[in-house]
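Reader: I would like a close look at a single part of this model, taken slowly, with the helix and the strands beside it treated together. Could you walk me through that part?

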Amino acid sequence: MATPGNPGIDVVAAVGLYVAAVAVGLVALGGVAAGASSDALVALVPTAFTAGLLCGAIVARVTADAAIRFGASRLRTVACWAPTWLVAGGVGVRSVTDTGARDWQLLLLGIASGAVVLSGWLLSRTTRDAYVGAVIDDRDDMLVDWTWYQSGTHAFLIAIGLALLGVGTAASLVAGTSSYRFLLPSIVFIVLGWAPTLSIPNPGGDDLTLFSVSGLEGARADVRAYPDGIVIEPRHIPSYRRFVPWDRIVDVRTTADRLVLERRWRPAVRCDRSAIEDAEVVRDAIERARRGTADSQTTI
């Protein structure tokens, strides 16, 4: 568990990996710009990675409070990705201005850019998780809690569909031919991921179900409601806690089979009602908190 004095091993590892990725990116960019040979870069890159990993871990331990407070910033992901533009810019400049640029140089810079993006994303999520944990773990003002069983949007299926779409598009561009065979499975995964159960409103009673994909009802997360928002703690590993303040939830409603929390700019949280002991009590507690009738002690 992360505390202001102890960021936790996951935060330490994330900071170390991020610093290592940035160090590798800068060394690769500098080496390519200076015209270093492949042998020189092969020797420098592992050294930069090791040094960055150790320095990042030490910094995370020494500045534990700062590492956790970093998770409070909503711009943390953008801040983590800032070095990417420098390395990616080097790729663009090198490919445009230097006709003698070798493929392995561009590939190295591209891999370095991707490493910074991935490690920055990981650092953003781990510090946010640590910050949320440090703020809420000792609180005793929880209003209600329940288990979010999958009902509705399934992010994993959507991710598969988008991945197929990206790989298929890239393969078509590389081959120089237009192929649309990958579009159908991509669309199917995205549609099923967005709405595994498709229903239409029925004014006379329950919604009319057109189709429903079974086997997607697993528990996604434990949800706890506080006076200032909800904390979503996913069941799957690796995953990280998220805090959603009430001003980002635009509507709360119950249907015959769901408790639905509509979020601004993001898919709604659709919980299987049968897994909640009393969905109406949960909805009423959330509505009271959203109206500001519950006492607020801490803002995350």
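Author: A residue is called buried here when its relative accessible area is under 20%. The model is a predicted one, and within it helix H8 has Ala279, Val282, Ala285, Ile286, Glu287 and Ala289 as buried residues. Helix H8 covers residues 279-290, and because each residue should add 1.5 Å, its 12 residues should span 16 Å, which agrees with the 16 Å that separates its end C-alpha atoms.

Both ends of the helix deserve a word. At the N-terminal end, Asp278 acts as the cap of H8, with a side-chain oxygen placed 3.2 Å from the backbone nitrogen of Glu280, while just after H8 the residue Gly292 adopts a positive phi of about 85 degrees.

As for its surroundings, H8 lies across E7 and E8, and its direction makes an angle of about 155 degrees with E7. These two strands belong to an open sheet of 3 strands, ordered E7-E8-E9, in which the pairing is antiparallel. Strand E7 (249-254) and strand E9 (266-272) are at the edges and have a single partner strand each, so one side of each is left without a neighbour in the sheet. From one strand to the next, the twist averages 15 degrees.

Within this sheet, strand E8, made of residues 258-263, pairs with E9 in the antiparallel sense over 5 bridges, and Leu259 has Cys271 in E9 as its bridge partner.

Key:
Residues numbered from 1 in each chain as written. Predicted model: local features only at pLDDT ≥ 70, side-chain atom pairs only at ≥ 80, totals over all residues. Heavy atoms only, no water. Helix = DSSP H or I, 4+ residues; strand = E, 2+ residues; numbered from the N terminus. Expected span 1.5 Å × (residues − 1). Buried < 20%, exposed > 50% of the residue type's maximum accessible area, 1.4 Å probe, protein only. Polar contact = N/O pair within 3.5 Å; in protein donor to acceptor, adjacent residues only side chain to side chain. Pairing = 2+ DSSP bridges. Axes fitted to C-alpha atoms, helices over the stretch in contact; angles between N-to-C directions. Contact = heavy atoms within 4.5 Å.
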